[in-house]
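User: Please take a close look at the pockets of this protein, and then set them in the context of the rest of the chain. I am new to reading structures, so plain wording would help.

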Amino acid sequence: MIYLAGSVQAAEWGTLTGQFLYTGKVSAPPKLEISRDQEICGKFSDQVVDQSLVIGKNGGVKNIFFYLRESKLDESQIHSRYQGLSPSVKIQNKGCIFQPHVSGLWVKKQQLLTVNEDLCAHGFQVKAYRNPSLNQLLPPGESLSHRFEFGEKLPMRMSCSIHPWQEGWLIALNHPYFSTTDDSGAFSIKNLPVGEWEFQVWHEKAHYLIARPEWTRGRVKLKIAPGKNDLGIIKLTPSLFAGK
């Protein structure tokens, strides 16, 4: 359950930041077997790699989801700058992988747009929980627009029914307060309403990311103050990603 400390006043907003760093040995991600459409997908063998744990040059862990768990926010609790978000979130089938590998959208204001940029067909699938799942054949050059009706509690797996190595993750939420970590392991969620909130931390290999002992099921309660709120460096050991 999420608790809001007091009423939100008009100008009370805070930005939440942090950086996740891997403490283990970093090695190049292994290449994946290209078992279909070798004549097309084989040209992209350098990028058809295991992206389930991507570590940047400085040890940053990429593709961690960090988002507000609350599903029911008043309009007054969503900063006006979010009204200018793009109406579509684009995911490409390009080079026989999903680009980007992880993404998120605000259900009320944004729809999913997936485009097949390859010269072979893709079977675009999204395994949803509250929403109907997707399974759509996309011939070369074709696109699909889809609007989710409900926000989801966890990221949804994207896959291709034709190319078994192809995988990605998508979160659809009832608000715009989410982020994914970049190559440096950093994330930023701007213009959060002040108060005490609970956030979810999730990664495809670790699932619930229990980066600190008190982060039960990858959930962390934070008091957001006006201005900057920085979690600092959060170190992640290899054991957090084992066995998934």
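Analyst: What follows starts with the two pockets, moves to the aromatic rings and the chain as a whole, and ends with some single residues. The model is a predicted one.

The largest pocket has a volume of about 430 Å³. It is lined by 21 residues, and those closest to its centre are Pro 29, Asp 50, Leu 53, Val 54 and Ile 55. By type, the lining of the largest pocket holds 11 nonpolar, 6 polar and 4 charged residues.

For the second largest pocket, the volume is about 170 Å³. Its lining is made of Tyr 82, Leu 85, Val 89, Val 102, Ser 103, Gly 104, Gln 110, Pro 176, Phe 178 and Thr 180. Here 6 residues are nonpolar, 4 are polar and none is charged. Which strands supply at least two residues each to this lining? They are strand E5, residues 102-106, and strand E12, residues 178-180. E5 gives the largest share, with 3 residues.

The loop that leads into E5 from strand E4 (97-99) contains Pro 100. The peptide bond from Gln 99 to Pro 100 is cis, with omega near 0°. On the other side of E4, the loop that joins strand E3 (88-94) to E4 holds Cys 96. Cys 96 is not a glycine, yet it has a positive phi of about 60°. With a relative accessible area of 0%, Cys 96 is buried.

Asn 63 also has a positive phi, about 70°, without being a glycine. It sits in the loop between helix H1 (38-41) and E2. Asn 63 counts as buried because its relative accessibility is 7%, and the cut-off for buried is under 20%.

Next come the aromatic rings. Across the whole structure, 10 aromatic pairs are found. One of them is formed by Phe 20 and Phe 66, with 6.4 Å from centre to centre and 45° between the planes, which makes the pair tilted. Phe 20 belongs to strand E1 (residues 13-22) and Phe 66 to strand E2 (residues 65-68), so this pair links distant parts of the chain, 46 residues apart. Both Phe 20 and Phe 66 are buried. A further tilted pair is that of Trp 169 and Trp 202, at 5.0 Å centre to centre and 55° between the planes. This pair, too, links distant parts of the chain: Trp 169 is in strand E11 (residues 167-173), Trp 202 is in strand E14 (residues 195-203), and 33 residues separate them. Trp 169 and Trp 202 are both buried. Phe 20 and Phe 66 also belong to a cluster, in which ring pairs link them with Phe 187, Phe 199 and Trp 215.

Now the chain as a whole. It has 1 helix and 17 strands. The protein chain is as compact as a globular protein of its length, because its radius of gyration is 19 Å and the globule rule gives 18 Å for 244 residues. The C-alpha trace spans about 60 × 40 × 25 Å along its principal axes. Of the 244 residues, 50% are buried. Among contacts between residues at least 6 apart in sequence, 70% join residues at least 24 apart.

Two single residues complete the picture. Leu 144 is part of strand E9 (residues 143-146). Is Leu 144 buried or exposed? Its relative accessibility is 17%, so Leu 144 counts as buried. Setting aside residues up to four places away in sequence, Leu 144 touches Leu 112, Leu 113, Thr 114, Phe 124, Gln 136 and Leu 138. From Leu 144 to Lys 127 there are 17 residues in sequence and 16 Å in space, C-alpha to C-alpha.

Ala 225 lies in the loop between strand E16 (219-224) and strand E17 (227-236). Its relative accessible area is 34%, so Ala 225 is partly exposed. Apart from neighbours within four places in sequence, Ala 225 is in contact with Trp 13, Gly 14 and Val 194. Ala 225 and Val 201 are 24 residues apart in sequence, and their C-alpha atoms are 20 Å apart in space.

Terms used
Residues numbered from 1 in each chain as written. Predicted model: local features only at pLDDT ≥ 70, side-chain atom pairs only at ≥ 80, totals over all residues. Heavy atoms only, no water. 1 Å grid on protein atoms, 1.4 Å probe; cavity = no way out; pocket = protein on both sides within 12 Å on 5 of 7 lines; lining within 4 Å. Points joined across faces, edges and corners; volume = space filled by probe spheres on them. Nonpolar A, V, L, I, M, F, W, Y, C, P; charged D, E, K, R; others polar. Helix = DSSP H or I, 4+ residues; strand = E, 2+ residues; numbered from the N terminus. Phe/Tyr/Trp six-rings, centres within 6.5 Å; stacked < 30°, edge-to-face > 60°. Buried < 20%, exposed > 50% of the residue type's maximum accessible area, 1.4 Å probe, protein only. Rg over C-alpha atoms; globule rule 2.2 N^0.38 Å. Contact = heavy atoms within 4.5 Å.
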